[in-house]
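Q: I'd love a close look at one part of this model. Please start from a single residue and work outward to the elements around it and beyond.

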Amino acid sequence: MELEILGLGVGAPLGQGCPCYAVRTDSTLLVLDFGPGALERAWERDMLGRIDAIVISHMHLDHMLDLLPLSGEITEEAIGPKARRPVVYVPRDHGKTVLIALAEALGSDPARFEHAFDLREYDAGDELSVGDLRLTFAPIAHTVSGYSPRVTDGRATLVYSADTAYREELAQHCRGADLLLLESTYLEPGDYLERQGHMTGEQAAQLARLAGARRLVLTHTMPFREENEENLRRARAVFDGDVQLATRGAVFPIA
């Protein structure tokens, strides 16, 4: 199993794309989130028409907006008639409602996403099977409801935090993971960070240490190099395992 970073940035692409992560085995292609910039990057990587499933962690625009052009006729023609129609999983309590509202706001068919995808819902109680992969979920502590996926091929395990404030109970969901892909949006902790539902690199490292994880990749970062490098330095001071910053195009084998 391997992880490829298709996008990682906060709010807007700004040169590094918004959150989108490909998880692959020899026969399965799963995508976690599909924010702005994801469609172009997936096209460049020849993934369009090959994606088995897309799991949207929560319905903020920077995590799902490129579902809109992916559902369009031009995209369908570009990837050909034999392209695989992906399953798209959205949070059960509001995922479909958001997609319907988005389509209506643009004067499109409210059922646009239902027609384009095999659209399904999930929540923390579900266990999903996508080809070789199995997914379970834990709730995130964010400004909207959503879920952190834990993905395994039976040999290795990846946990993606999505957007969340620091919670020690999340360590149980991350327990023993081979790779943690954890957000590190801000450098300094504080009330604002807690209200926004985000973490620092240091907090991500604390979770990795509590979880007994092997490796940590910091993602959902600001477009500020020095701040991100300081986040990385602080994370490495807390967690003894391998710690890296996510970069667009980076590939991490997980075994």
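A: Happily! Let's begin with Arg41, which sits in helix α1, residues 38–44 (helices are DSSP runs of H or I with at least four residues, strands are runs of E with at least two, and both are numbered from the N terminus). Please keep in mind that this is a predicted model, in which local features need pLDDT of at least 70 and side-chain atom pairs count only at pLDDT 80 or more, while totals for chains, interfaces and linings use all residues. Residues are numbered from 1 along each chain as its sequence is written, and side-chain values use heavy atoms, with hydrogens and water left out.

Which residues does Arg41 touch once its neighbours within four places in sequence are set aside? The partners of Arg41 are Leu6, Arg248 and Gly249, where contact means heavy atoms within 4.5 Å. Leu6 lies 35 residues from Arg41 along the chain, yet the C-alpha atoms of the two are separated by 6.1 Å.

Now for the sheets. One is an open sheet of seven strands with mixed pairing, and its strand order reads β6-β5-β4-β3-β2-β1-β14 (two strands pair if DSSP finds at least two bridges between them). At its edges are β6 (118–122) and β14 (251–253), each of which pairs on one side only. From one strand to the next, the twist averages 20 degrees; angles run from 0 to 180 degrees between N-to-C directions, and axes are lines fitted to C-alpha atoms, for helices over the stretch in contact.

Within this sheet, β2 (residues 20–24) and β3 (residues 29–32) are antiparallel partners, joined over four bridges. Val23 has Leu30 of β3 as its bridge partner. Helix α5 (residues 95–105) packs on the sheet, where it touches β5 (87–91) and β6, and its direction makes about 105 degrees with that of β5.

Moving on, another open sheet of seven strands follows the order β7-β8-β9-β10-β11-β12-β13, with mixed pairing. Here the edge positions belong to β7 (128–130) and β13 (242–245), and each pairs on one side only. Its twist averages 20 degrees from one strand to the next.

Look next at β11 (residues 179–183) and β12 (residues 215–219): their pairing is parallel, over four bridges. In that pair, Leu181 of the sheet stands opposite Val217 in β12. Helix α9 packs on the sheet and touches β11 and β12, with its direction at about 155 degrees to that of β12. Helix α10 lies across β12 and β13 and runs at about 170 degrees to β13.

How do α9 and α10 meet? The axes of α9 (residues 201–211) and α10 (residues 225–238) come within 8 Å and cross at roughly 25 degrees. Therefore α9 is roughly parallel to α10, since angles under 35 degrees count as roughly parallel, over 145 as roughly antiparallel, 65 to 115 as roughly perpendicular and the rest as oblique. On the α9 side, the contact is made by Gly201, Glu202, Ala205, Gln206 and Arg209. Facing them from α10 are Asn231, Arg234, Ala235 and Val238.
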